[in-house]
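Open the model in your viewer, switch to a cartoon view and keep the selection box handy. We will go from stop to stop, and at each one you will get something to select and something to look for.

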Amino acid sequence: MKWEKTVTVIGCHVGGEENNVITGGVLPPPGKTMFEKKVYLETKGDDLRKWLLFEPRGKSTLCVNLVVPSTRADCDVGFIIMESADYPPMSGSNTICTTTVLLETGMLPMHEPVTVLNLDTPAGPVRVEAACENGKVKRVKFANVPCFATHLDTMIEVEGLGSVKVDVAYGGAFFVIVDAPSLGFQVMPHEARDLVAIGNKIKAAAAEQLPVVHPENPGIHTVTFTEWAMPFE
């Protein structure tokens, strides 16, 4: 049997969300910026994402992050996020997992009690603070790229639901945000299938009816996630 390839992947999760990290076996894609590297993978190197995230190796809920040298002098390292459907410019959970793997594997030096990193993402630089103890990352917080809302309390028409009030906001990708109780949801495990099915309908409707483009990078556009919101208690 001919050996195809060897890729080293470290498993990691945050709150149960699996965001694995590639630490070896993949050369950095070409590009002058991290966004250009992301676009190259999307358009010319997507076999890697499919190889790692599709069955039998992956699953729809898995994400994988490719660690690469930074393209910016003010950042320590860069990473590119790969999900089952696309390549988000920035993701909070993937940032947390990538930081954890970088420090716990020794790819970057860990300084206790707090390690500060600057990460080069396709959406821009992200400052990270990792609380560390006995060689382990205990907590990670970060300052996201500039975030903003594009639509507030806006009505869209959704197949099977009628008129639905939503917000649209950017936080590394464009999210359509909908109040879960307004549609009869409490965001409980037994509702998972319906949340996904209806969330996909809302996302498709928002993407069609509320076109959005990042004001500084037109390559970042279109609603790609639905976020279910609950009241603060």
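Begin with the surroundings of helix H1: strand S4 (63-68), strand S5 (77-82) and strand S6 (114-121) are among the elements that cover the buried residues of H1. Bear in mind throughout that this is a predicted model.

**Stop 1: the two faces of H1**

Select Met34, Phe35, Lys37, Lys38 and Leu41, which are buried residues of H1. They lie on the same side of the helix, because they cover an arc of only 160° around its axis. Now add Thr43 and Lys44: these are exposed, and they sit on the face of H1 turned away from the buried side.

**Stop 2: lysine 38**

Stay in H1, which spans residues 34-44, and centre on lysine 38. Is this lysine buried or exposed? Its relative accessibility is 4%, and because the cut-off for buried is under 20%, lysine 38 counts as buried.

Show its side chain together with that of glutamate 42, and you will find a polar contact of 2.9 Å between the two. A polar atom of the lysine 38 side chain also lies 3.5 Å from the backbone oxygen of tyrosine 87. To see the wider surroundings, select Ile80, Tyr87, Pro89 and Pro122, which are in contact with lysine 38 when neighbours within four places in sequence are left aside.

**Stop 3: tyrosine 40**

Tyrosine 40 is also in H1. With a relative accessible area of 32%, tyrosine 40 is partly exposed. Which residues does it touch, beyond those up to four places away in sequence? Select Pro29, Pro30 and Gly45 to see them. For a distance to check, take the C-alpha atoms of tyrosine 40 and proline 29: they are separated by 6.8 Å, with the two residues 11 apart along the chain.

**Stop 4: two cis peptide bonds**

Most peptide bonds are trans. Go to proline 56, in the loop between helix H2 (47-53) and S4. The peptide bond leading to proline 56 from glutamate 55 is cis, with omega near 10°. Next, jump to proline 113, in the loop between helix H3 (92-104) and S6. Here too the bond is cis: glutamate 112 and proline 113 are joined with an omega of about 10°.

**Stop 5: the hairpin of S7 and S8**

Select residues 124-133 for strand S7 and 136-143 for strand S8; the two run antiparallel and are joined by seven bridges. To pick out one pairing, highlight glutamate 129, whose bridge partner in S8 is lysine 141. Then look at the turn, where two residues stand between the strands and asparagine 134 takes a positive phi near 55°.

**Stop 6: the open sheet and its helix**

Where are the edges of the sheet that has the order S9-S10-S11-S12? Its four strands form an open sheet with mixed pairing. Strand S9 (148-158) and strand S12 (223-229) are the edges: each has a single partner strand, so one side of each has no neighbour in the sheet. Ignoring direction, neighbouring strands here are turned by 30° against each other on average.

Helix H4, residues 192-209, packs on this sheet and touches S9, S10, strand S11 (174-179) and S12. The direction of H4 makes about 130° with that of S12.

Zoom in on S9 and strand S10 (residues 162-170), an antiparallel pair joined by eight bridges. Alanine 149 stands opposite alanine 169 in S10.

**Stop 7: the nonpolar cores**

Select Ile156, Val166 and Ile202, the residues with the most contacts inside the largest nonpolar core, which has 42 residues. Isoleucine 202 touches several residues beyond four places away in sequence, including Leu161, Val176, Leu183 and Trp228. Another core, of 15 residues, lies apart from the largest one, and Ile22, Met34, Leu53 and Ile80 are among its members.

**Stop 8: two positive phi values**

Most residues other than glycine have a negative phi. Valine 187, in the loop between S11 and H4, has a positive phi near 55°. Its relative accessibility is 38%, which counts as partly exposed. Finish at threonine 222, in the loop between H4 and S12, where phi is positive at about 75°. Threonine 222 is partly exposed as well, with a relative accessible area of 29%.

Methods. Residues are numbered from 1 along each chain as its sequence is written. This is a predicted model: local features need pLDDT of at least 70, side-chain atom pairs count only at pLDDT 80 or more; totals for chains, interfaces and linings use all residues. Side-chain values use heavy atoms; hydrogens and water are left out. Buried means under 20% relative accessible area, exposed over 50%, partly exposed in between (1.4 Å probe, protein chains only). A polar contact is a pair of N or O atoms within 3.5 Å; within protein, one must be able to donate a hydrogen and the other to accept it, and residues adjacent in sequence count only if both atoms are side-chain atoms. Contact means heavy atoms within 4.5 Å. Two strands pair if DSSP finds at least two bridges between them. The arc is that of the directions from the helix axis to the C-beta atoms. Axes are lines fitted to C-alpha atoms, for helices over the stretch in contact, and angles run from 0 to 180 degrees between N-to-C directions. A nonpolar core is a set of buried Ala, Val, Leu, Ile, Met, Phe, Trp, Tyr and Cys residues joined through side-chain atoms within 4.5 Å.
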